[in-house]
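Open the model in your viewer and set it to a cartoon view with side chains available on demand. The stops below are given in the order in which to select them.

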Amino acid sequence: MKPVIFIDGREGTTGLQIAERLAARQDIELIAIDEDKRKDPAERKKFLNAADLVFLCLPDDAAREAVAMIDNPHTRVIDASTAHRTAPGWDYGFPELSPRHREAIVHSQRVANPGCHASGFIASVYPLVQLGLLPQDYPLCAYSLTGYTGGGKKLIAEYQDPNRDPRHASARIYGTTLHHKHLPEMVHVCGLTAPPVFHPILGDYPQGMATTVLFRNDTLPGRPTAYNLYNVLEAYYEGQTFVSVAPFGGDEPVIYSDTLVGTNQLRLIVCGHEEQTTITALFDNLGKGASGAAVQNMNLMLGFPED
């Protein structure tokens, strides 16, 4: 029998993208709640427990509420919210980080889908911490440029409004309190002792993300050069389907943040010299940063090829 899939929160940006990616699939059965009953708790509970796998594309509190409604021991969950990314009993849905992460996802009942900014940061930092090239207490700094679709329907409408604030044409630095909601998972997954100084930046374009981490090489163990770090990351991700490392310095002398829109690819670009290094993770904030990653995790959990 085909696995039965339910998307709770299908009307949001992430849910719509997942539904679009699954619409043509013949190897699953996608069920949908009636529009007039999608906020009916009894009806939601019925669909949540009827599915083999559920995607939660909801605000954090609603995601926790949905999990509490599930009493079918066979229903597996992928949560796209921030609610469970550091929670006990949940596996982190980034299979390329290690064979252990991949194996956990394959067998998991509960998978927390990574955050978009966090995906870029973790892809760069996790291997270096694991290999002892980056101390857990290193004073990390990072910034991340993103398209406005990651902000959901309200922000999309704001940016696409013909009478919008004219300042939206320029890049907008936000998260100025330095308490972005993705910081806990960055710290938790990478095993850091303190969060990075992190600034997200919103651009006037729909999709695409470029998350950059910066290092001074003389503050790292062994004083590796940028090229040394490039070689380490290239070897670490060798053979992965969706994560790759560009030639040293990048494919061209500039980085366009919308390059990988429409794909589930994440590409690391290492730049620098003997004294300084930057690592930029380039990907689609709605692809490997959200819906694409969720579908990849579903494929692994259900025994399908991940692509």
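A residue counts as buried when its relative accessible area is under 20%, as exposed when that area is over 50%, and as partly exposed in between. The model on screen is predicted, and residues are numbered from 1 along the chain.

**Stop 1: strand β13**

Select residues 276-283, which make up strand β13. Of these 8 residues, 6 are buried, and the strand is mostly covered. Now add the neighbours of β13. With β10 (209-216), β13 forms an antiparallel pair held over 8 bridges. To find one of the contact points, pick Thr 212, whose bridge partner in β13 is Thr 280.

Add residues 266-272, strand β12. β12 also pairs with β13 in the antiparallel sense, over 7 bridges. Here Arg 267 is the residue opposite Leu 282 of β13. Follow the backbone from β12 into β13: the two are joined by a hairpin through 3 residues.

**Stop 2: the rest of that sheet**

Extend the selection to the whole sheet. It is open, has 7 strands and runs in the order β8-β9-β7-β10-β13-β12-β11, with mixed pairing. Which strands stand at its edges? They are β8 and β11 (243-245); each has a single partner strand, so one side of each is left without a neighbour in the sheet. Strands of a sheet pair through backbone hydrogen bonds, either parallel or antiparallel. At the β11 edge the sense is parallel, with 3 bridges linking β11 to β12. Look there for Ser 244, which stands opposite Arg 267 in β12.

**Stop 3: two residues with positive phi**

Stay in this part of the chain and pick Arg 223, in the loop between β10 and α8 (226-236). Arg 223 is not a glycine, yet its phi is positive, at about 50 degrees. Is Arg 223 buried or exposed? Its relative accessibility is 57%, so Arg 223 counts as exposed.

Next pick Leu 178, in the loop between β8 (172-173) and α7. Leu 178 is another non-glycine residue with a positive phi, about 65 degrees in this case. With a relative accessible area of 36%, Leu 178 is partly exposed.

**Stop 4: the parallel sheet**

Hide the previous sheet and show the one with 6 strands. This sheet is open, its order is β2-β1-β3-β4-β6-β5, and its pairing is parallel. The edge strands are β2 (29-31) and β5, each of which pairs on one side only. Zoom in on the β2 end, where 3 bridges join β2 to β1. Ile 5 has Leu 30 in β2 as its bridge partner.

**Stop 5: helix α1**

Keep β1, β2 and β3 (53-56) on screen and add α1, the helix that lies across them. α1 runs at about 155 degrees to β1. What share of α1 is buried? The count is 7 of its 10 residues. Select Thr 13, Thr 14, Gly 15, Gln 17, Ile 18, Ala 19 and Leu 22 to see the buried residues. Their cover includes the three strands β1, β2 and β3, along with α6 and α9.

**Stop 6: the largest pocket**

Thr 14 leads to the next stop, since Thr 14, Cys 57, Leu 58, Pro 59 and Gly 152 are the lining residues nearest the centre of the largest pocket. The lining has 49 residues, and the pocket holds about 1,200 Å³ of space. To show where the lining comes from, colour β1 (4-8), α1 (13-22), α3 (60-69), α5 (116-130), α6 (152-160) and α9 (287-302), each of which gives two or more residues. By class, the lining divides into 17 nonpolar, 19 polar and 13 charged residues.

**Stop 7: the second largest pocket**

Finish with the second largest pocket, which has about 170 Å³ of space. Select its lining: Arg 85, Thr 86, Ala 87, Trp 90, Asp 91, Tyr 92, Arg 100, His 101, Ala 104, His 188 and Val 189. At least two of the lining residues come from each of β5 (91-92), α4 (99-107) and α7 (183-190). Which element supplies the largest share of this lining? It is α4, with 3 residues. The classes here are 5 nonpolar, 3 polar and 3 charged.

Technical notes:
This is a predicted model: local features need pLDDT of at least 70, side-chain atom pairs count only at pLDDT 80 or more; totals for chains, interfaces and linings use all residues. Side-chain values use heavy atoms; hydrogens and water are left out. On a 1 Å grid over the protein atoms alone, a cavity is a set of points where a 1.4 Å probe fits but cannot get out, and a pocket is an open set with protein on both sides within 12 Å along at least five of seven lines; lining residues have an atom within 4 Å of a point. Grid points are joined across faces, edges and corners, and a volume is the space filled by probe spheres set on the points. Helices (H or I, at least four residues) and strands (E, at least two) are DSSP runs, numbered from the N terminus. Ala, Val, Leu, Ile, Met, Phe, Trp, Tyr, Cys and Pro count as nonpolar, Asp, Glu, Lys and Arg as charged, and the others, Gly among them, as polar. Buried means under 20% relative accessible area, exposed over 50%, partly exposed in between (1.4 Å probe, protein chains only). Two strands pair if DSSP finds at least two bridges between them. Contact means heavy atoms within 4.5 Å. Axes are lines fitted to C-alpha atoms, for helices over the stretch in contact, and angles run from 0 to 180 degrees between N-to-C directions.
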